[in-house]
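Okay, thanks for coming, everyone. I'll walk through one model today, so pull up the viewer and follow along.

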Amino acid sequence: MESEFEIIATRAGIGLNPVFSDDLSQAAEVIRRGGVIVCPAEGVYGLSCNALNEDAVARVVRIKERDSAKGLITIASSLQDLESVVDFKNISSKGQNLIKKLWPGPYTFVVPCADLLRGSLLTGGRGSVAVRVTAFKTLADLVRLSGVPLISTSANLSGEQAVSSFDLLSPVILKRTDFALTLPCGGLSGSTSVYDTLGDVLLRKGPQWPEDLS
């Protein structure tokens, strides 16, 4: 008997390529091999890969048909995961205090990037990078199993709507990836907050941003 996700795949005309599964270990193995997966995030489904694999990051940009100058968000399960990504010593004092107060959680911070990542696709060619230590267990476990920080960007073509329901995912996006993790999203009602530590300014106020910090 076909599973719910096999039926969705058949209806979308994509067969079973990518692989559909709820197995986090299998998803992590695809990432370690340099693959790109669809997986749930805090609020919507996203695309993920090894954030330190430039070829995989380039593939995410192509899959989304995204402007490479925009850069991509990196997610982690702990501060230690970000040591190869972030220049921690040059984060503003206010930014450091907010990070300590709010992480792990649905809060993305734009911070100075590590020297090796300057000018990369991950940063959009800049000297800064957007990062988040997630409190969403599925993503945090995926990071730990993968052993690397991950890209997290919505699983939609640029300009199209991000979705929180698996059966609304774009067949075009699914066809271009290697694996689709069929677990549910984290239930966040909107996009994560984004705070720029370079200018100490809140760029986007998400649904859980503390009112006393506005």
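One bit of vocabulary before we start: when I say buried, I mean under 20% relative accessible area. Partly exposed then runs from there up to 50%, and exposed is over 50%. And keep in mind that what you're looking at is a predicted model.

Let's put that cut-off to use. Threonine 153 sits in strand 7. Its relative accessible area is 8%, so threonine 153 is buried. Who does threonine 153 touch, if we skip its neighbours within four places in sequence? Gly46, Leu47, Val60, Lys64, Arg66 and Leu72.

Now go to another threonine, number 74, over in strand 4, residues 73–76. Threonine 74 comes out at 0% relative accessibility, so we call it buried too. Ignoring residues up to four places away, the contacts of threonine 74 include Ala51, Leu82, Val85 and Leu122. Val129, Ala130, Val131 and Arg132 are on that list as well, along with Pro149 and Leu150.

For a contrast, find glycine 125, in the loop between strand 5 and strand 6. Buried or partly exposed? Glycine 125 has 47% relative accessibility, so it's partly exposed. With the same kind of neighbours left out, up to four places away, glycine 125 touches Gly119 and Ser120. And if you want a sense of scale, glycine 125 and serine 25 are 100 residues apart in sequence, and their C-alphas are 32 Å apart in space.

Next, helix 5, residues 137–146. Of its 10 residues, 7 are buried, so the helix is largely enclosed by the rest of the structure. If you want to click on them, the buried ones are Thr138, Leu139, Ala140, Asp141, Leu142, Val143 and Ser146. What do they pack against? Helix 2 and four strands: strand 2, strand 4, strand 7 and strand 8. Right after helix 5 there's glycine 147, with a positive phi of about 80°.

On to the nonpolar cores. The largest one has 43 residues, and the members that touch the most others are Val38 and Phe109. Several elements supply at least two residues each to this core: strand 3, helix 3, helix 4, strand 5, strand 6 and helix 6. Helix 3, residues 54–64, gives the largest share, with 5 residues. There's also a second, separate core of 17 residues, and Ile37, Ile75, Val143 and Phe179 are among them. You've just met Val143, by the way, as one of the buried residues of helix 5.

Zoom in on phenylalanine 109. Leaving out neighbours within four places in sequence, phenylalanine 109 contacts Gly95, Leu98, Ile99, Leu102 and Trp103, among others. Val129, Ala130, Val131, Tyr195 and Thr197 are also contacts of phenylalanine 109.

That brings us to aromatics. The structure holds 6 aromatic pairs. Take phenylalanine 20 and phenylalanine 166: the ring centres are 5.8 Å apart and the planes sit at 70°, so this one is edge-to-face. Phenylalanine 20 is in strand 1 and phenylalanine 166 is in the loop between strand 7 and helix 6, so the pair ties together parts that are 146 residues apart in sequence. Phenylalanine 20 is buried at 15% relative accessible area, and phenylalanine 166 is buried at 6%.

Compare that with tyrosine 195 and tryptophan 209. Here the centres are 6.1 Å apart and the planes are at 10°, so the pair is stacked. Tyrosine 195 is in strand 9 and tryptophan 209 in the segment after strand 10, 14 residues apart. Both tyrosine 195 and tryptophan 209 are buried. They also belong to a cluster linked by ring pairs, together with Trp103, Tyr107 and Phe109.

Last stop, the largest pocket. Its volume is about 760 Å³. Of the 33 residues lining this pocket, Ile73, Ser152, Thr192, Val194 and Arg204 are the closest to its centre. Strands 3, 5, 6, 7 and 10 are the elements that give two or more residues to the lining. Which of them gives the most? Strand 6, with 4 residues. And by class, the lining has 13 nonpolar, 14 polar and 6 charged residues.

That's my tour. Over to you for questions.

Conventions:
Residues are numbered from 1 along each chain as its sequence is written. This is a predicted model: local features need pLDDT of at least 70, side-chain atom pairs count only at pLDDT 80 or more; totals for chains, interfaces and linings use all residues. Side-chain values use heavy atoms; hydrogens and water are left out. On a 1 Å grid over the protein atoms alone, a cavity is a set of points where a 1.4 Å probe fits but cannot get out, and a pocket is an open set with protein on both sides within 12 Å along at least five of seven lines; lining residues have an atom within 4 Å of a point. Grid points are joined across faces, edges and corners, and a volume is the space filled by probe spheres set on the points. Ala, Val, Leu, Ile, Met, Phe, Trp, Tyr, Cys and Pro count as nonpolar, Asp, Glu, Lys and Arg as charged, and the others, Gly among them, as polar. Rings of Phe, Tyr and Trp (its six-membered ring) pair if their centres lie within 6.5 Å; planes under 30 degrees apart count as stacked, over 60 as edge-to-face and the rest as tilted. Buried means under 20% relative accessible area, exposed over 50%, partly exposed in between (1.4 Å probe, protein chains only). A nonpolar core is a set of buried Ala, Val, Leu, Ile, Met, Phe, Trp, Tyr and Cys residues joined through side-chain atoms within 4.5 Å. Contact means heavy atoms within 4.5 Å.
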